[in-house]
Amino acid sequence: MKYSFVIPVFNRPDEVEELLESLTKQREKDFEVLIVEDGSSVPCEEVCAKYSDRLDLHYFNKPNSGPGQSRNYGAERARGEYLIILDSDVVVPESYLEEVEKELENAPADAFGGPDAAHHSFTPTQKAISYSMTSFFTTGGIRGGKRKLDKFYPRSFNMGVRRTEYLRLGGFSKMRFGEDIDFSIRIFKAGLRCRLFPEAWVWHKRRTDLRKFFRQVYNSGIARINLYKKYPGSLKIVHLLPMIFTVGVIALVLMSLSGMAMLNFNPGNSGAWIWVASLPWLPIILYSIIIFTDSTAKNRSLHVGLISVPAAFTQLMGYGFGFIKSWWKRCVMKQGEFQAFEKTFYK
């Protein structure tokens, strides 16, 4: 068997059904599917049973241990030459495996990954969140874009690894967040051949509202410092940009507020204070216009373009706040990972 899809699931039966339906439409048929239920209170066993006669499908239910350990559980039971790791909230186009096969025929690879996109059926908020996670103007294109500020690291929403190498590396670590980057770093450190397969993309739903999205990227910011403590050379300039953006926005807002306050205390010099209150908003407005214009053009929707502005600020500042908190606890206060984030990561 050539491919084994390994998919950890936690309380997402509806999403699993959409994913399984898309897998039935793959033009390349040499694959199996392993669904690993990670201690869900709302299991997807009944959904999987509906597809047992349409897919080579194997369903497992285990106590909760996080997505990384659930992927390892599935990998140990897989039979394919390559493991393809997907998140449960993705949908794959019918050409997905064909594109993977083409890339592997063109040049061998031990590990690979693909980009993600928003499906036409996604809500405007989901499309805006997808834009904020893939745009060069927000993440620097490091998640598979054509323009990028750092080399491509496969992510767990769309990652392939030769099964023998996966097992040799020990699979995913016990990190609750950032475990896919941790694994990708070890892939490169081991000298494995790893490439971006640009046409092997998936539709990725991510979060359905900005509050949940903030929590996701906040945890990603925390994970980046944890990764830095584990691999000091892994922290690049592109990873600092959301923190710099966050500090910059806060500084600009405080500067504007101080100008407005001085208008009340020193109205005799109102012209100068009006400038102090107004100018800090110029870079914020200019950046918002760039995001709105670019997202509107890419999504062909003014509505999505408008939502992309708060989504971009949520993505950058959520990550920035998590990064700053983790930096303070891990680097300044010298706390260990478990000690610093017991309530957040280790419930």
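This is a short talk on the sheet, the helices and one aromatic pair in this structure.

Good morning. One caution before we start: the model is predicted.

Let's begin with the sheet. A quick reminder: strands of a sheet pair through backbone hydrogen bonds, either parallel or antiparallel. Our sheet is open and has 7 strands. Reading across, the order is 3-2-1-4-8-6-9. The pairing is mixed. Which strands stand at the edges? They are strand 3, residues 57–62, and strand 9, residues 194–196. Each has a single partner strand, so one side of each is left without a neighbour in the sheet. There is a turn between neighbours as well. On average, neighbouring strands are turned by 20° against each other, direction ignored.

Now two pairings from this sheet. Take strand 2 and strand 3. They pair in the parallel sense, over 6 bridges. In one of these pairings, Ile35 has Tyr59 of strand 3 as its bridge partner. Helix 2, residues 45–50, joins the picture here: strand 2, helix 2 and strand 3 make a right-handed β-α-β unit.

Next, strand 6 and strand 8. Strand 6 covers residues 111–113, and strand 8 covers residues 158–162. These two run antiparallel, joined by 3 bridges. Find Ala111, and opposite stands Val161 in strand 8.

What lies across the strands? Helix 1, residues 13–23, lies across strand 1, strand 2, strand 3 and strand 4. Helix 1 runs at about 175° to strand 2. Helix 3, residues 67–77, also packs on the sheet. Helix 3 touches strand 1, strand 2, strand 3 and strand 4. The direction of helix 3 makes about 140° with that of strand 2.

On to a pair of helices. Two packed helices are described by the angle between their axes and the distance between the axes. Helix 10 is residues 237–265, and helix 12 is residues 281–299. Their axes come within 9 Å and cross at roughly 130°. That makes helix 10 oblique to helix 12. Who makes the contact? Helix 10 brings Phe245, Val249, Leu252, Val253 and Ser256. Helix 12 brings Trp281, Pro283, Ile284 and Tyr287. By class, this contact has 8 nonpolar residues, 1 polar and no charged ones.

Last, the rings. How many aromatic pairs are there? The count comes to 17. One of them is Phe60 with Tyr73. The centres are 5.8 Å apart, with 70° between the planes, and the pair is edge-to-face. Phe60 sits in strand 3 and Tyr73 in helix 3, 13 residues apart. The pair links distant parts of the chain.

How values were computed: Residues numbered from 1 in each chain as written. Predicted model: local features only at pLDDT ≥ 70, side-chain atom pairs only at ≥ 80, totals over all residues. Heavy atoms only, no water. Pairing = 2+ DSSP bridges. Helix = DSSP H or I, 4+ residues; strand = E, 2+ residues; numbered from the N terminus. Axes fitted to C-alpha atoms, helices over the stretch in contact; angles between N-to-C directions. Contact = heavy atoms within 4.5 Å. Parallel < 35°, antiparallel > 145°, perpendicular 65-115°, else oblique. Nonpolar A, V, L, I, M, F, W, Y, C, P; charged D, E, K, R; others polar. Right-handed = clockwise from strand over helix to strand, strands pointing away. Phe/Tyr/Trp six-rings, centres within 6.5 Å; stacked < 30°, edge-to-face > 60°.
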